[in-house]
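Me: Please take a close look at one part of the structure shown below. I would like the answer to begin with that part and then follow the side-chain links in the rest of the chain.

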Amino acid sequence: MARRRPKDPDVLHGHHVVSGPELRAAMEAAHEADETVRVRRRVLHGVVLVLLIGLIAAAIILALAIINGRFKIPAAETAPTPVSSCPASMFDYTPNDKINLNVYNSTSRPGLARTVADELLARKFAVGTVGNINAGYRGGAAVVSGAAGQAAAFSVQRNVPGSDYFQDGRTDASVDLILAHDYKALVPPELVDQTPGKLSCPRESRRIADNDKWPVMPTAAPTP
C-alpha cells in the first residue's frame, strides 16, 4: 500500500495560505503607502495656502498704494483724431479757358507731359509750362495750387480721375498737374462732371501712408 505524501500546510486546495507574518507585512506596506499619500496632500495644501495668503497680502498692499496715491494706474489715451489737409470748401466748376495750367511728367514715359498738355489745350485750358520733373508722389496724378487756385484745381481734378490735391504757398491762381506712374488717361470731355463739389485727397484714405508731405520738391526749373 502506497504511503501518502505529507500535506503542505501552506497550500489549501491548490491555493497558497497566507500566513500571519505575510498578512502583517502586507498591512504594514499598505499603511505606509497611505501615510505617503497623506503627507503629499498636506504639503500640497500647505503650498496652496501660502500662495493664497501671499496673493491676498499683495492685493491689500496694492490697494493701499492706490488709495494713498503711491501707485497710479495708467489711463488709456484716446488716439488723436486725424486732421485732414484737404480743403472742405465747395467749389463751382471754373471754365477751362480761365485756368492757367502747368503740366509736368514725373514718370519714365517720354513725351507724356506734351501729350497730355495737347489734350488739355484741345479742351481750352490755358497751358503754360510743359516739362519733366522729379516728384515723390506715388499715384496717378497730383494737382497742386495755392489757396487762390483751389477752384481751378477742382476743375482740373474733374478732368483727371483719381488725382490727389496738394496745396502749396503760391499766391497766384495757377495750377500744376504732375503726372505720376499710375496715370492712365483723362476723363473723356463729354463725361467730365461739372457740378459743384469738393477737392479730392484720396491719399488720406490709403492703407499705407505716403510719407512724402509734398508731391514735388524741385531743385531746378523744369526742363521741356
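Which residues are buried in helix H2 (residues 112-122)?

Reply: The model is a predicted one, and what follows is computed from its atoms. In helix H2, the buried residues are Leu112, Ala113, Val116, Ala117 and Leu120. They lie on the same side of H2, because the arc they cover around the axis is only 125°. The general geometry of a helix fits here: an α-helix has 3.6 residues a turn, so residues three or four places apart point the same way. As for what lies against this side, the cover over the buried residues of H2 includes strands S3, S4 and S7.

H2 also carries a salt bridge, in which the side chains of Arg114 and Asp118 meet at 3.2 Å, N to O. Arg114 and Asp118 are four residues apart in H2, and therefore about one helical turn separates them. Neither residue belongs to the buried class: Arg114 is partly exposed at 41% relative accessible area, and Asp118 is partly exposed at 40%.

After the helix comes Lys124, with a positive phi near 80°. This residue has that positive phi although it is not a glycine. Lys124 sits in the loop between H2 and S4. With a relative accessible area of 59%, Lys124 counts as exposed, because the cut-off for that class is over 50%.

Another loop residue to look at is Thr94, placed between H1 and S3. Its relative accessible area is 17%, so Thr94 counts as buried, the limit being under 20%. Leaving aside residues up to four places away in sequence, Thr94 touches Ile99, Ala151, Ala152 and Ser155.

The next topic is the salt bridges, of which the structure holds five. One of them, that of Arg114 and Asp118, was described with H2. In another, the side chains of Asp164 and Arg203 meet at 2.7 Å, N to O. This pair links distant parts of the chain, with Asp164 in strand S6 and Arg203 in the segment after S7, 39 residues apart. Asp164 is buried, and Arg203 is buried too.

A further salt bridge joins the side chains of Asp176 and Arg170, again with an N to O distance of 2.7 Å. Asp176 is buried, at 11% relative accessibility. Asp168, Arg170 and Asp176 form one network, joined by salt bridges that share partners.

Arg203 has a second role in the picture, since its place is over the face of Phe166, at 3.9 Å from the ring centre. Phe166 leads on to the aromatic pairs, and a search of the whole structure finds two of these. In one of them, the rings of Tyr137 and Phe166 have centres 5.7 Å apart and planes at 80°, so this is an edge-to-face pair. Tyr137 lies in the loop between strand S4 (126-132) and strand S5 (141-145), and Phe166 in strand S6 (residues 164-167), so the pair ties together parts 29 residues apart in sequence. Tyr137 is buried, at 3% relative accessibility, and Phe166 is buried with a relative accessible area of 3%. Strand S6 thus appears with Asp164, the salt-bridge partner of Arg203, and with Phe166, the ring over which Arg203 lies.

The last link is covalent. There is one disulfide by the count, and it is formed by Cys86 and Cys201, whose sulfur atoms are 2.0 Å apart. The link of Cys86 and Cys201 is right-handed, with 85° about the S-S bond. Cys86 belongs to the loop between helix H1 (20-67) and strand S3 (100-105), while Cys201 belongs to the segment after strand S7 (175-179), so the disulfide ties together parts that are 115 residues apart in sequence. Cys86 and Cys201 are buried.

To return to the part asked about: H2 has its buried residues on the same side, under a cover that includes S3, S4 and S7. The salt bridge of Arg114 and Asp118 is made by residues that are partly exposed.

Technical notes: Residues numbered from 1 in each chain as written. Predicted model: local features only at pLDDT ≥ 70, side-chain atom pairs only at ≥ 80, totals over all residues. Heavy atoms only, no water. Disulfide = S-S within 2.5 Å. Helix = DSSP H or I, 4+ residues; strand = E, 2+ residues; numbered from the N terminus. Buried < 20%, exposed > 50% of the residue type's maximum accessible area, 1.4 Å probe, protein only. Phe/Tyr/Trp six-rings, centres within 6.5 Å; stacked < 30°, edge-to-face > 60°. Lys NZ or Arg CZ within 6 Å of the ring centre and 35° of its normal. Arc of directions from axis to C-beta. Contact = heavy atoms within 4.5 Å. Salt bridge = Lys/Arg side-chain N within 4 Å of Asp/Glu carboxyl O.
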